[in-house]
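Trainee: I'm new to this one. Could you walk me through it, one question at a time?

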Amino acid sequence: MDRSLHCLQNQQCQVVEAPQSRVTWRERFYRWRQLNRERNALRHLSDDMLKDIGMSRDAVQRESRRPFWDDRGWRR
């Protein structure tokens, strides 16, 4: 569990515990569906649109081949 010190102006400090973030199965399922839709939409963009967002066709191919549960960078 994460802890942090919060100091008031009169220099008294309190230890405050941050709430744990737990991901429910519903949230995870929703995120997986969202990832699947986003990766599918990326696959159908034109080369000009991909250039606008700074992605290459190769990067899109790699991203779209990733399985829906492969979600780097999201809270677990």
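Trainee: Is Glu63 buried, partly exposed or exposed?

Mentor: Before the answer, a word on the source: this is a predicted model, where local features need pLDDT of at least 70, side-chain atom pairs count only at pLDDT 80 or more, and totals for chains, interfaces and linings use all residues. Residues are numbered from 1 along each chain as its sequence is written, and side-chain values use heavy atoms, with hydrogens and water left out. Buried means under 20% relative accessible area, exposed over 50%, and partly exposed in between, using a 1.4 Å probe and protein chains only. Glu63 has a relative accessible area of 23%, so the label is partly exposed.

Trainee: Which side chain does the one of Glu63 meet in a salt bridge at 3.0 Å, N to O?

Mentor: A salt bridge here is a side-chain nitrogen of Lys or Arg within 4 Å of a carboxyl oxygen of Asp or Glu. For Glu63 the N to O distance in this bridge is 3.0 Å, and the partner is Arg39. The pair links distant parts of the chain, 24 residues apart, with Glu63 in helix α3 and Arg39 in helix α1. Helices (H or I, at least four residues) and strands (E, at least two) are DSSP runs numbered from the N terminus. At 4% relative accessibility, the partner counts as buried, and its name is Arg39.

Trainee: Which residues are linked with Glu63 in a network of salt bridges?

Mentor: Start with Arg66, which forms a salt bridge with Glu63, the closest N and O atoms being 2.9 Å apart. Arg66 lies in the segment after α3, and at 18% relative accessibility it counts as buried. The network joins Glu63 with Arg39, Arg66 and Asp70.

Trainee: How far does the backbone oxygen of Asp70 lie from a polar atom of the side chain of Arg66?

Mentor: Here we look at the side chain of Arg66 and the backbone of Asp70. The distance between that polar atom and the backbone oxygen is 2.8 Å.

Trainee: Which residues is Arg66 in contact with, leaving aside its neighbours within four places in sequence?

Mentor: Contact means heavy atoms within 4.5 Å. With those neighbours set aside, the list for Arg66 is Arg39, Asp71 and Arg72.

Trainee: What does the side chain of Asp71 meet in a salt bridge?

Mentor: The N to O distance is 3.0 Å, and the partner is the side chain of Arg31. Asp71 lies in the segment after α3 (57–65) and Arg31 in helix α1 (residues 25–43), so the bridge ties together parts that are 40 residues apart in sequence. Asp71 is buried, and so is its partner, Arg31.

Trainee: How far apart in space are Phe68 and Trp32, C-alpha to C-alpha?

Mentor: Phe68 lies in the segment after α3 and is partly exposed, with a relative accessible area of 37%. Its contacts, leaving aside neighbours within four places in sequence, are Trp32, Leu35, Asn36 and Arg39. Phe68 and Trp32 are 36 residues apart in sequence, yet the C-alpha to C-alpha distance is 5.5 Å.

Trainee: What order do the elements of the protein chain run in, from the N terminus on?

Mentor: The chain has 3 helices and 2 strands. Of its 76 residues, 14% count as buried. Reading from the N terminus, the order is β-β-α-α-α.

Trainee: And how many salt bridges does the structure hold?

Mentor: We've met the one between Asp71 and Arg31, and the one between Glu63 and Arg39. For the whole structure, the count is 5.

Definitions and conventions
Polar contact = N/O pair within 3.5 Å; in protein donor to acceptor, adjacent residues only side chain to side chain.
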